[in-house]
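Student: Please pick one part of this model and take me through it closely. Then set that part in the whole chain.

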Amino acid sequence: MAIYLSSQKIIKEWIDYNNHMNVSYYLLIFDKYGADTLNNIFKMGEHSAKTTGKSTMIVESNITYNQELKVDDEVDINLIFFDHDKKRLQYKMEMIHKEKKYLASTIEILALYVDLNIRKVSEFEAEKVKIMDDYIKKNSSNFKSENLKFSNKLKKN
């Protein structure tokens, strides 16, 4: 069972000449309504960037387009996997049509924790590691670890 992050309605401006949502807006939805939500849960989002000078930056992604979306469709953004090491986050989200319940898209992300003051990769502070580890402990039974592309990039030791 996936972990709900947010919902979003597909707007007319995101529809292309094929009369469905353009591929670029799948990424926008995952970033703004998925990754931003997740970063806020882990205290690494916009507030952290502005107050501590530390945030995350996506360095790799893998996206699938499973079924088209049209104007006024509503989707749920769900987290289906999350893990981390000392400097990296790995997570996968899905986009589910709210009414028809079909899988519209997935994205897997590899992100780095960055000190924005010096623009270098940084290790997570102990308080953030605890937040993430507690989140994993609470939700791991809901995670799906099959078909992940970036698991070999986490350095767990």
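Tutor: First, a term: a contact means heavy atoms within 4.5 Å. The model is predicted, so its local features need pLDDT of at least 70, side-chain atom pairs count only at pLDDT 80 or more, and totals for chains, interfaces and linings use all residues. Numbering starts from 1 along each chain as its sequence is written, and side-chain values use heavy atoms, with hydrogens and water left out.

The part to look at is strand S4, residues 88-97. Helices and strands here are DSSP runs (H or I of at least four residues for a helix, E of at least two for a strand), numbered from the N terminus. S4 is enclosed. Of its 10 residues, 10 are buried, so the rest of the structure largely surrounds the strand. Buried means under 20% relative accessible area, exposed means over 50%, and partly exposed lies in between, with a 1.4 Å probe and protein chains only.

Both faces of S4 are covered. One side carries Arg88, Gln90, Lys92, Glu94 and Ile96, and these are all buried. The other side carries Leu89, Tyr91, Met93, Met95 and His97, again all buried. Note the mix on the first side: Arg88, Lys92 and Glu94 are buried there along with Ile96.

Take glutamine 90 as a sample. This residue sits in S4. Its relative accessibility is 1%, which is why it counts as buried. Beyond neighbours within four places in sequence, glutamine 90 contacts Phe81, Phe82 and Asp83. Glu108, Ile109 and Leu110 also touch glutamine 90. Its other contacts are Leu148, Phe150, Ser151 and Leu154. Not every residue of the next strand is at hand: the C-alpha atoms of glutamine 90 and valine 114, 24 residues apart along the chain, are 15 Å apart.

Now the strands beside S4. Two strands pair if DSSP finds at least two bridges between them. On one edge is S3, residues 74-84. S3 and S4 are antiparallel and share nine bridges. One pair to locate is histidine 84 with its bridge partner in S4, leucine 89. The two strands form a hairpin, with three residues between them.

Glutamate 74 lies in S3. Its relative accessible area is 35%, so it is partly exposed. Leaving out residues up to four places away in sequence, glutamate 74 touches Ile96 and His97 of S4, and also Lys98. Gln8 and Lys9 are in contact with glutamate 74 too. Glycine 53 is a different story: 21 residues separate it from glutamate 74 along the chain, and their C-alpha atoms are 34 Å apart.

The other partner of S4 is S5, residues 103-115. S4 and S5 also run antiparallel and are joined by nine bridges. Here methionine 95 has serine 105 of S5 as its bridge partner. This hairpin has five residues between the strands. Within the hairpin, lysine 101 takes a positive phi near 65°.

Two other residues share that backbone feature. Arginine 119 has a positive phi near 55° and is not a glycine. Its place is the loop between S5 and strand S6 (120-121). Arginine 119 is exposed, at 58% relative accessible area. Asparagine 147, also no glycine, has a positive phi of about 65°. This residue belongs to the segment after helix H3 (126-139). With a relative accessible area of 64%, asparagine 147 is exposed.

Last, the whole chain. The protein has three helices and six strands. Read from the N terminus, the order is β-α-α-β-β-β-β-β-α. The radius of gyration, taken over C-alpha atoms, is 16 Å, close to the 15 Å from the globule rule (2.2 Å times the number of residues to the power 0.38), so the protein is as compact as a globular protein of 157 residues. The C-alpha atoms fill a box of roughly 45 × 35 × 25 Å along the principal axes. Of the 157 residues, 46% count as buried; in S4, the count is 10 of 10. Contacts also reach far in sequence. Among those with a separation of 6 or more, 71% link residues 24 or more positions apart.
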